[in-house]
2 protein chains.
Amino acid sequence: MRQTYDDLKTQLGEIVDLRRVAALASWDQHTKMPPGGQRARAEQLATLGRIAHERFVSDEIGRLLEELRPYEEQQPYDSDEASLIRVTRRDWEKARQVPPELSAEITRAGAIAYAAWVEARKNSDFSAFLPYLKTNVELKHRYVDCFEPTDELYDVLLDDFEPGMKAAEARAVLEHVRSELVPLIRELAERGDDVDDSSLYGDFPLATQKEFEQVVLDRFGFETSSWRLDPTVHPFASGTARTDIRLTSRYFADRYESLFSTMHEFGHGLYERQVSESLDRTPLQRGASMSLHESQSRMWENLVGRSHPFWRHFYPLLQPRFARLGDVDLETFYRAVNKVQPSLIRVEADEVTYNLHIILRFELEQEIMSGAIPLTDLPEAWNARMKEYLGIDVPNDAQGVLQDVHWSFGGFGYFPTYSLGNVVSVQIWERIREALPDLDEQIENGEFGALRAWLGEHLHQYGRKFMPQEMLERLVGGPMDAGPYIRYLKDKMGGIYGLTEVAAAT
Amino acid sequence: MRQTYDDLKTQLGEIVDLRRVAALASWDQHTKMPPGGQRARAEQLATLGRIAHERFVSDEIGRLLEELRPYEEQQPYDSDEASLIRVTRRDWEKARQVPPELSAEITRAGAIAYAAWVEARKNSDFSAFLPYLKTNVELKHRYVDCFEPTDELYDVLLDDFEPGMKAAEARAVLEHVRSELVPLIRELAERGDDVDDSSLYGDFPLATQKEFEQVVLDRFGFETSSWRLDPTVHPFASGTARTDIRLTSRYFADRYESLFSTMHEFGHGLYERQVSESLDRTPLQRGASMSLHESQSRMWENLVGRSHPFWRHFYPLLQPRFARLGDVDLETFYRAVNKVQPSLIRVEADEVTYNLHIILRFELEQEIMSGAIPLTDLPEAWNARMKEYLGIDVPNDAQGVLQDVHWSFGGFGYFPTYSLGNVVSVQIWERIREALPDLDEQIENGEFGALRAWLGEHLHQYGRKFMPQEMLERLVGGPMDAGPYIRYLKDKMGGIYGLTEVAAAT
């Protein structure tokens, strides 16, 4: 039996190797590759993806999984062995539902639609993108049809990013967020001028930004033996192994922003860095879901990186580095990096309004898939909801419905995990506060070792061993709940904007 | 038939994708990867190599090749189609001779021996490396035994790097080189003090070196859309496509040397850059052999980069960039970069003595494989020959028999191609001089377009379509011949060292 298990592990190890190399090829494409490599790289990535997929959905893997049922039952549920067999079986059964031709067609259509989207966005011309979007939606319907019927078809899409979660559950959480945040944002917007963020705009030399962010990363636990950081256009975290974590960030010389992007990616990187060594070269060596992953990036970006204790430690180090900050005091800077201001572009949104950008997309995705919104009406629906939730007018589709890449590659079901990650981050944060009562003091002293260790012990080490809900249950003792997140936002913004009545009311 | 051909091309395309991605993973390992990625990277490279090999030696490829015999005969011999089938059949038949278990054992033993070699070299302890070398030699014997008997067993080893060339042919060429160069070097060594290269030592700030080498590369034809250049420890050229060429170089702040390494790698890169687009994503999209590849790197490093016309153009640009060169005139600098001086380390050797380093290794390899030298006597044999050929004493094995990596991975048969490349470079250069009578003027004007175009038209575009001997015949109208190379060295060094009688005698 152990031999059969080792066979499975060896075969999965090869598949992991292929996927890790694909991650490298993609990282390279976005950070190092000369533009001339584009066409060949697309072929290389397609080949790696196809071979990895073929090997994974093979009858041989199915046979091994079947033979290993008794072995799995003998092992403790949370052992590496039982977990690897259990999670692999779920992955395998799911992957086997989709005919290879359909997978290939989705990939191909996505690549074509991506190119069309780039062009359409450039020209702010939704109608040019419409036929490709239509194809993507049709293909997604065919994809959904491959699976057993679920409560609603969006369940299938969400499962690709948040295994086991139902659309109804996500909706309940996000409607709670929306119902609380829309009025909060309205109130904050009225007081928008109370917070001045002009100190974040001006001359911020790139070399100094990079030097300082390395100071922060070093404190966070970035070690050059296992990490690297490179500039890119759309930041992401990647890597080829637990001990080869690659962050990317983007830099602007005329405003201070990149540090938050870098801290965000650090959170993703740390999750993968701290997965148990015993899961090396297995499919479990990743985060449990998108929302759990996002909870980690948001935690380091916002709960740590936009907190008052953090800046009590780091602002005295930052301020002397930039002439622009010469006469800006800590409080002014802290308020600036926490300013809430409705805006057009999701990736530039503040901590609060960000969620409404997500909820809008989540709602539209469901309506697109159910047919409730004809695709031709999408820009109109987008713009109306932007007005309703954030009170702003969308001047054109490039800054509206065409701004995100996700729908071009058919990534429906992805968006909600961003806000669910925010929600989860504060549920976890509350547990950490209980375990580390002096967390604020530690952060104020620039010490992150205990925080890192707690996350490693209670979340990171497990990788993908458990389903996300199960992981969350073990971690915070209950299901996803927006309450703590809403309280956190109201407390924090209440403090900054002096909305004591709001804070008190929660 | 065309369908069968397209099937073959598709299957080979996937194998090329895997090999290109492996090249990327290796490039990354030597330029970007955090050290923590080492172990996982070794697994990833092994997996890619194994899958590419399995796919290539499959019965399916054999069946397609067999079915395509009539199609091949219908196509012109030098067509892409006939060439792809012909070259692939040779590769396939060769690869099929070696049992996968033996290939795997050679790879594994090489990896283990490499680690032992690194350690042994550090401690200058040949005896610590000896058992691993012994294993490598035994495995190479088993490898040779997989093939039909040849005139001598070294033929099989040489064929891996220089397809179709016999050891006897290489020997004839290299013995010619040796017989002429040993006395020449002796004579030059006596006049060593005539050439002062102290101007190459001193303060050469790295940033300025890099800025200037980019000036040279830009003139050579390096375009950022399709090339990149990164620092590494042991320079090499690589890439993932015809339009993604990656050079590496190494830099020293206390001497001026890196430019020559960079120009060398540019020569390799240009060969692959100019292979016909119609051979994209096929196994023909590479150089025809190691010696032809090396002819290109040596050409740009030495025939171009150490020539008087080259420095007439570039020295006025180089000199003002470095304070160290303030009072160094063109002639002094030109003589310095061409100084001939016997030394211990191959990779630091000058244009002339380099060949003796190679010939020594070539001879020892043959004697190792034939058993003429017991492995225990290798250091002694090495040192005796260093004395005989270059007149120098080897102080320890680290600077002697342990200096090169090649024997650690079992790369017997590789060394001779370096000097054969020198030989070929001048045979080609003579053809270029006939075709471009004003080549010196072009180089003096910093113009390399016609040279590049000639190389593209007469050599590069063909990739691996022809066997190396056949390619050389087409290119220079005859077989490999050391005569032109020896004449070139004597002329050039005769001019620099004032040995008019030597130059006249040839």
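## Working through the A–B interface

In this predicted model, 38 residues of chain B are in contact with 38 residues of chain A. Grab the structure and try these.

**Exercise 1. Work out how chain B is related to chain A, and what kind of axis that gives.**

Solution. Start by laying chain B on chain A: a turn of 180° and a shift of 0.0 Å along the axis do it, with an RMSD of 0.0 Å. That is how a two-fold axis relates copies. Next, check which surface each copy uses: 100% of the contact residues of chain B recur in chain A, so the same surface serves both.

**Exercise 2. Find how much area is buried between the chains, and which three residues of chain B supply the most.**

Solution. First the total: about 2900 Å² is buried between chain B and chain A, and carbon and sulfur atoms give 54% of that. Then go residue by residue: B:Val21, B:Pro34 and B:Gln44 supply 17% of the area chain B buries against chain A, more than any other three residues.

**Exercise 3. Count the salt bridges across the interface, and decide whether B:Arg281 and A:Glu43 make one.**

Solution. Use the cut-off: a Lys or Arg side-chain nitrogen has to lie within 4 Å of an Asp or Glu carboxyl oxygen. B:Arg281 and A:Glu43 come in at 3.5 Å, N to O, and do form a salt bridge. Across the whole interface, the rule finds 12 salt bridges. Polar contacts, with both residues at pLDDT 80 or more, come to 20 residue pairs.

**Exercise 4. Say which element gives chain B's touching side its largest share, and how its residues divide by type.**

Solution. H2(B) gives the largest share, 11 residues. By type, the side of chain B that touches chain A has 13 nonpolar, nine polar and 16 charged residues.

Conventions. Residues numbered from 1 in each chain as written. Chains lettered and ligands numbered in written order. Predicted model: local features only at pLDDT ≥ 70, side-chain atom pairs only at ≥ 80, totals over all residues. Heavy atoms only, no water. Least-squares fit on C-alpha atoms with pLDDT ≥ 70 in both. Contact = heavy atoms within 4.5 Å. Buried area = accessible area lost by both parts, 1.4 Å probe. Polar contact = N/O pair within 3.5 Å; in protein donor to acceptor, adjacent residues only side chain to side chain. Helix = DSSP H or I, 4+ residues; strand = E, 2+ residues; numbered from the N terminus. Nonpolar A, V, L, I, M, F, W, Y, C, P; charged D, E, K, R; others polar.
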